[in-house]
Amino acid sequence: MRLALFDIDGTLLREGIAPKLAFARALRETFDTTGPISGFRFAGMTDPQCVAEIMRMAGIADDVIQERRDQCLERYVTHLRVEMRNHDGAKLFPGVKEVLGRLHGRDDVLVGLLTGNVQPGAMLKLDRFKLGEYFRFGAFGDDHEDRCELARIALEKAGRLTGRPVRGDDTTVIGDTMDTDIQGGVQMGYRTILVLSGISKNEELKKYAFKPDLVVNSVSDIELPLEWWV
């Protein structure tokens, strides 16, 4: 059986301003500062990493960050639910439901998530577009703060679900960031598909020594080589 692991933000959808507003509110309530959140690059990072990095840049001590991080993420999810209702800038990328539907209907493919979102936040984003039903399981930011470790955890969860070990060469990671999604997949020996919807220029690929197995402009373009990667 093949394992297909999808990132969420920048790969399947773009949520708009709501997550950043929710994050800012949670940081201020928990640490009394939002830090340099306006210029912070969230792409490819786990939610726990984002809290830690932003607060370190704000001068908050590591022990305080560690003590309050879970509380901050709980508040983030609470505010995300509200901000998603208040801001309608979310976008589901073309072809996502079609590709996920085809994969979900196959007996030889197990479809999962590999995302830096904490699980409640991930499900809020997916449920907005009724995508949750396509995924049997996931590795989330609340499983571990390191994306490469999440890639390993995903295999462990898939193994428990199927009742047998799942190998790296049976696995394909689909994501939009080279330095996290693709690098983590390459390091674990997975096949990798880079979706360009999350980066501005194809030329950005040239600065990395490692390469994805396949580069597509959007998830919908995966439909043509579907048999290749499953």
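Begin by selecting strand β6 (residues 171-175) together with strand β7: four bridges join the two strands, which run parallel. The model on display is a predicted one.

Next, select Ile174 and look across to β7, where the bridge partner of Ile174 is Ile193. Then display the whole of β7, residues 191-195. Is this strand mostly covered or uncovered? It is mostly covered, as four of the five residues of β7 are buried.

Move now to strand β5, residues 137-139, and select Phe137, which lies in this strand. Because the relative accessibility of Phe137 is 12%, and buried means under 20%, this residue counts as buried. Which residues surround Phe137 in contact, leaving aside its neighbours within four places in sequence? They are Leu3, Leu5, Leu110, Val111, Gly112, Leu113, Ala154, Lys157, Ala158 and Leu161. Of these contacts, Leu113 may be selected for a distance check: its C-alpha atom is separated by 6.5 Å from that of Phe137, although the two residues are 24 residues apart along the chain.

For the final stop, select helix α1 (residues 18-31) and helix α2 (residues 47-57), which pack with their axes 12 Å apart. The angle between them is about 55 degrees, and the two helices are therefore oblique to each other. The crossing in which α1 passes α2 is right-handed. To view the contact itself, show the side chains of Phe23, Leu27 and Phe31 on α1, and of Asp47, Cys50, Val51, Ile54 and Met55 on α2. By class, this contact comprises seven nonpolar residues and one charged residue, with no polar residues.

Conventions: Residues numbered from 1 in each chain as written. Predicted model: local features only at pLDDT ≥ 70, side-chain atom pairs only at ≥ 80, totals over all residues. Heavy atoms only, no water. Axes fitted to C-alpha atoms, helices over the stretch in contact; angles between N-to-C directions. Parallel < 35°, antiparallel > 145°, perpendicular 65-115°, else oblique. Left-handed = near helix turned anticlockwise from the far one by under 90°. Contact = heavy atoms within 4.5 Å. Nonpolar A, V, L, I, M, F, W, Y, C, P; charged D, E, K, R; others polar. Buried < 20%, exposed > 50% of the residue type's maximum accessible area, 1.4 Å probe, protein only. Pairing = 2+ DSSP bridges.
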